[in-house]
Structure formats: structure tokens, C-alpha cells
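The following exercises concern cysteine pairing and charged side-chain contacts. Please work through each task before reading its solution.

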Amino acid sequence: MEKTKTKLVSPVEGQTFEQEDFSGKELSGLAFRGCVFQKCSFRGAVLPELSAANCQFLECRFDYARLSEARFEGCVLAGCRFDYASLLWASFLRCKGIGSIFAEAALTGTAFQGGSFSMASFQRCDLRKFVFQGVNLEQADLRECNLRQAAFPECNLRHALLTGADLTEADLTGAEMSGVDFTGAKLKKTKINLEQAALIAQSLGAVVI
């Protein structure tokens, strides 16, 4: 892929970009509205305070990018890579990040509200004190995550992978979690209801009667 010669002048509205390479570029404070990005690379790009509303990012790369205080609102982020990215104090509001990868990204202060991140990977992420408000995390990969004091109000965690996750003092009471794999998870002082207690027991091989 050759380096793109496209010049982005904010705000960028209603444009389509295919296989463009913005990797390593400094693109601070950009605003995208109603744009489509197909297989574009922002790998290692510097994108602080990026604003994207009602955009589509399809199979795009943001791995190793710096996206502190970025804001994605009403966006589709299908099959994107955010692994090892810096997403400090970023926000994903009512977005669809189905199948995207956030493994080992820096997510301190990041907000996920509404939308769907089903089949997304957050493996080994530090998600302490996170509040996933109304997020669909069905079949999401949360293995080995630090979820101490995290909360999942109105979330769908069905068939999610929580193998080896630290759920100490987390609050699962507002989540749907049938079929969740809790093998090796730390559940000290985790808040659960009676129905969830039975599901966890079944996940760990017990026979509930």
C-alpha cells in the first residue's frame, strides 16, 4: 500500500476513502462526519481529540495509534484493529464495533455506552472500574482482563469469554450472562444474583439442582 497523498481538512464530511494509508501521520483534532473508510490504515498515527460521528470504519487499522480523548459517536467500527493503541479518555457512544480488536490497548478513562461490541477482543486489557452501560458484549473476548470493580448495567454478556479475568468487587447483577466461560476467573466479592450464581456454577462444571 502506498502512502496516501490525501490532505484532510477538518471538518471532513460525506467522503469515502478506500485503502488509504494515514499510518504514522500527525492528524490532531480532526472531525469526520458521515464518512466511509474501507480498509484504511491509521497505524501508529497521532490522532488526539479525533471526532467521528455517523462514520463507517470497515476493516481499518488503528493499532499503535494515539487516540487520546477521541470521540466516536454512532459509528460502525467493523473488524477494526485497535490493539496496542492509546485510547486514554476516549469515548465510544452508540457504536457498533463488531469483531474489532482492542487487545492490550491503553483504555484508562475510556467510555463505552450503548451499541454493540459483540465478538470484539479486549484480551488482557486493564478495565478497572469500567462501566459498560447498555453494551452488547455477546461472545466478546475478555480473557485475562483486569475487571476489578467494573460494572455491566443492562449489558449482554452471553457466551463471552472471561477465562482468567479478575472480577474482584465487580458488579454483574445487571448483565445477561448465560453461556459465559468463567474458568479461572477471580470472583472475590463479585456482586451477582441467584440466577447468575447458578450460571457461574454450571460454567465451572457444577450440576445445579
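The exercises below refer to this predicted model.

**Exercise 1.** Determine how many disulfides the structure holds, and examine C40 and C155.

*Solution.*
Step 1. A disulfide requires two cysteine sulfur atoms within 2.5 Å.
Step 2. For C40, the closest cysteine sulfur belongs to C60 and lies 4.9 Å away, which is too far for a bond.
Step 3. For C155, the nearest cysteine sulfur is that of C145, at 14 Å, and C155 is in no disulfide.
Step 4. The count is therefore 0 disulfides under the cut-off of 2.5 Å.
Step 5. C40 is buried, at 1% relative accessibility, and C155 is likewise buried, at 2%.

**Exercise 2.** Locate the partners of the salt bridge between E104 and R124 in the chain, and classify their accessibility.

*Solution.*
Step 1. The closest N and O atoms of E104 and R124 are 2.9 Å apart; the cut-off for a salt bridge is 4 Å.
Step 2. E104 lies in the loop between strand 9 (91–93) and strand 10 (111–113), whereas R124 lies in the loop between strand 10 and strand 11 (132–133).
Step 3. The pair is 20 residues apart and links distant parts of the chain.
Step 4. E104 is partly exposed at 31% relative accessibility, and R124 is partly exposed at 39%.

**Exercise 3.** Classify D83 and R81, which share a salt bridge, as buried, partly exposed or exposed.

*Solution.*
Step 1. The N to O distance between the two side chains is 2.7 Å.
Step 2. D83 has a relative accessible area of 7%, so D83 is buried.
Step 3. R81, at 31%, is partly exposed.

Definitions and conventions
Residues are numbered from 1 along each chain as its sequence is written. This is a predicted model: local features need pLDDT of at least 70, side-chain atom pairs count only at pLDDT 80 or more; totals for chains, interfaces and linings use all residues. Side-chain values use heavy atoms; hydrogens and water are left out. Buried means under 20% relative accessible area, exposed over 50%, partly exposed in between (1.4 Å probe, protein chains only). Helices (H or I, at least four residues) and strands (E, at least two) are DSSP runs, numbered from the N terminus.
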